[in-house]
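Me: Please show me the structure, and then let me ask how its labels are justified.

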Amino acid sequence: MARSTRGVEVGRARGNIEGKIFLETPAHTPLCLTYYFWCGLSQADMARQQGELFCDIGQGRGIRCNKGSAGIEPGTLIVIEEPYSYTLTDEQLLRTRCHYCLKRLGNHVTCDSCRAAKYCNEECKKAARLHHAPECRGYGRLMALPEHLRLLGRILYKMHARPTDTGPLGPLNSLVSNVETLKNCEDGIQSLGAKMDTLARCVEKEALPDRGFMEEIYGKIACNSFAVLDENMCSIGIGVYPQASMINHSCRSNCIGMFHGPQIQIRADEYIRPGEEIFHGYIPPLLPTAKRREKLLCNYHFFCQCADCKNTERDRLMQCVKCPNCSERVAPNADSIYEKCEACGFAEFDPDFYEEINLLVEYSENILNKEPAEEREYDLYFMESCLGQLDETLHTDNVYVIRLLKDLIEVCEELGQWEKAIEYGKRIEPGYKMFLKRFDLDKGLLYYKMGVAYYRHGDQAAALSYLRQAQTALTVTGGKACRLVQEVSSLLAGCGCSSNEDVTQSIENSV
């Protein structure tokens, strides 16, 4: 992902796409340069027609909708890209998933030489050979390293085998590296040095570049890598995608990335006007502005000033609480102070009230970040206990209540508790409509889960309504070939509805 070092939501242009880059000369005369890079995919022509690279002094570099186009419609594929390099995240995933296509392993094969690389079948093994051959001797040692170091090791082996990748036109050359920022963090220099020493012991000497180059590439990985998600939207790996990294961040994004194995596909999830910049969200939007900015500053080293971060009204609603006197919604002011209930006039929000809110937020975050238990009934008990406490103080549209409800729906469906899933789904809908876009992925997933819950509960009429909404939203975000869209189509057929309905017309009507 593109990252800024200037404290605003701008990034750096990368290669792998043909586009126009606009540079400012010292005399401020626009200089238009056209670059031609190989995308390697048939969809590249589409991407070239839809987007153009730009670079200017005030805005930085990024991708915008081609000024000469008619705009980009929701669902349009903007970027499709295989990673320059990638890896699974942890030891369990390295044991249970294919190291090439990332699918779950059944009967599998291993590399004949290192025995550490695992593949679904001989086809995946053969396809991985080009990337795996240079790293094979040291692959087993790399697999014992943390994910970012493991990814760096794979990149170093690849660059050693392809020296042109380290040159000025190399695919990673234009990526922003925040290595100096990493060094300036507390214990940054010592920590970075220790990491490089660890990696140097695990990589064959002939593949090791100088220390400065290693640190530079590590900085690029740290602030440009994407989390690779599986079909259930769970993180299973990390990868570097130079083309996708050209898209800058906004908490109010207009596109979304979905993964097909290690391949990323980025689609517009709302209409993008000619000349409008294309933005991708680096973090989930359902967080108060202060929390989003904290995460972005910590992980990507920039202070976001997007439209949503400046939208104080939206932020106020995210933090609304219940009036202790009448239980009506009370939103804080711009300084996060709860002054007065508009319904009954209550204004006695004392320090104990604020302390209670802070404790509830901390409690909910601990529950949300907890690793799932093997017995999901255990998770359901703790989540519902937490929800009961949140409901005493926080309004149902508070983002921490919404996030807890989202996880509760998933647990209830796993346990087959369809009535509870429907109850929690109905509670979350108003908040989703308030804070999320029309074709947001989380909305599509909610409609899908509600459709499944009603279908299993025996209410096919209600299931049909939600499944149609899910089909529209998920087709925009993932395309017609998306696994979830196919599952929705099957459920629609089970409700007596044709699975071949024209979704395009539905999208146009929604727009």
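Reply: The turns below take some labels and set values against definitions. This is a predicted model, in which local features need pLDDT of at least 70, side-chain atom pairs count only at pLDDT 80 or more, and totals for chains, interfaces and linings use all residues. Residues are numbered from 1 along each chain as its sequence is written, and side-chain values use heavy atoms, with hydrogens and water left out.

Me: Why is M383 called buried or exposed?

Reply: Buried means under 20% relative accessible area, exposed over 50%, and partly exposed in between (1.4 Å probe, protein chains only). M383 has 8% relative accessibility, so M383 counts as buried.

Me: What makes K406 and D442 a salt bridge?

Reply: A salt bridge needs a side-chain nitrogen of Lys or Arg within 4 Å of a carboxyl oxygen of Asp or Glu. The closest N and O atoms of K406 and D442 are 3.4 Å apart, and the pair forms a salt bridge. Because K406 is in helix α15 and D442 in helix α17, the pair ties together parts 36 residues apart in sequence. Helices (H or I, at least four residues) and strands (E, at least two) are DSSP runs, numbered from the N terminus.

Me: Why do K406 and D442 get their accessibility labels?

Reply: K406 is at 30% relative accessibility, so K406 counts as partly exposed. D442 is at 17%, so D442 counts as buried.

Me: How do you know that the span of α17 agrees with the expected one?

Reply: The expected span of a helix is 1.5 Å times one less than its number of residues. Helix α17 (residues 441-457) has 17 residues and should span 24 Å; its end C-alpha atoms are 24 Å apart, so the two agree.
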